[in-house]
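Here's a quick briefing on one structure, put together for someone who likes to poke at coordinates. Have a look at the model first, then read on.

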Amino acid sequence: METAYIKTPLGIAKLVGDEKGISEFIVLNADEPLTDVIPEALEDAVYQVNEYFEGKREHFNLDLNPEGTDFQKRVWKGLQDIPFGKTTSYLELSKTLGDAKAIRAVANANGKNPLWIIVPCHRVIGSDGSLTGYAGGLYRKQWLLEHESPLKQTSLF
């Protein structure tokens, strides 16, 4: 496995993967030295992540290889179907996956997503529209949703 640390608007991100795909992308709460030379296996992921933060990319086209249970992987696959700039609730995601009663298990799997942003777990909100849990912190979740929003706040002055 190769690892790279890159700068993002949300902080230093850790990217892990190899020729089989990306297995982890998280934003750290501490500083790490940035990677000087990006490993070849991670170059495309770094390029696409940078495009996303520059507002030039809405979908990722990467081979993914996260570690998780079959159920978690099914939930993470379902997250990839949430369109850019849209949100869904944990209940709606549970229904989409075929079992409305699995809402807690779906929320738990969502919280264990090792591929932040690439697999858009930040697009899942509470049924009442509230921002609920995000492993990276609610301020990051809010930033990501605002970044993806088709309605940009403009200055009045």
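Ser23 is buried in this predicted model, because its relative accessible area is 11% and buried means under 20%. Ser23 sits in strand β3, and that strand also feeds the largest nonpolar core.

**Around Ser23**
- Leaving out residues up to four places away in sequence, Ser23 touches Met1, Val16, Gly17, Asn65, Pro66, Pro114 and Leu115.
- Trp143 is a long way off along the chain, at 120 residues from Ser23, and the C-alpha to C-alpha gap between Ser23 and Trp143 is 23 Å.

**The largest nonpolar core**
- This core has 40 residues, and Ile22, Phe25, Leu79, Ile117 and Ile118 touch the most other members.
- At least two core residues come from each of β1 (2–8), β2 (11–18), β3 (21–27), α1 (43–53), α2 (70–79), α3 (90–96) and α4 (103–111).
- The top contributor is α1, which gives 5 residues.
- The core lies between domain 1 (2–54) and domain 2 (70–148), because both of them give residues to it.

**Ile118 and the largest pocket**
- Setting aside neighbours within four places in sequence, Ile118 is in contact with Ile22, Phe25, Val49, Phe60, Leu62 and Leu64.
- Ile118 also turns up in the lining of the largest pocket, where His59, Phe60, Gln80, Ile118 and Pro120 lie nearest the centre out of 15 lining residues.
- That pocket holds about 210 Å³ of space.
- Its lining splits into 9 nonpolar, 3 polar and 3 charged residues.

How values were computed: Residues are numbered from 1 along each chain as its sequence is written. This is a predicted model: local features need pLDDT of at least 70, side-chain atom pairs count only at pLDDT 80 or more; totals for chains, interfaces and linings use all residues. Side-chain values use heavy atoms; hydrogens and water are left out. A nonpolar core is a set of buried Ala, Val, Leu, Ile, Met, Phe, Trp, Tyr and Cys residues joined through side-chain atoms within 4.5 Å. Buried means under 20% relative accessible area, exposed over 50%, partly exposed in between (1.4 Å probe, protein chains only). Helices (H or I, at least four residues) and strands (E, at least two) are DSSP runs, numbered from the N terminus. Domain bounds come from an automatic or database domain assignment. Contact means heavy atoms within 4.5 Å. On a 1 Å grid over the protein atoms alone, a cavity is a set of points where a 1.4 Å probe fits but cannot get out, and a pocket is an open set with protein on both sides within 12 Å along at least five of seven lines; lining residues have an atom within 4 Å of a point. Grid points are joined across faces, edges and corners, and a volume is the space filled by probe spheres set on the points. Ala, Val, Leu, Ile, Met, Phe, Trp, Tyr, Cys and Pro count as nonpolar, Asp, Glu, Lys and Arg as charged, and the others, Gly among them, as polar.
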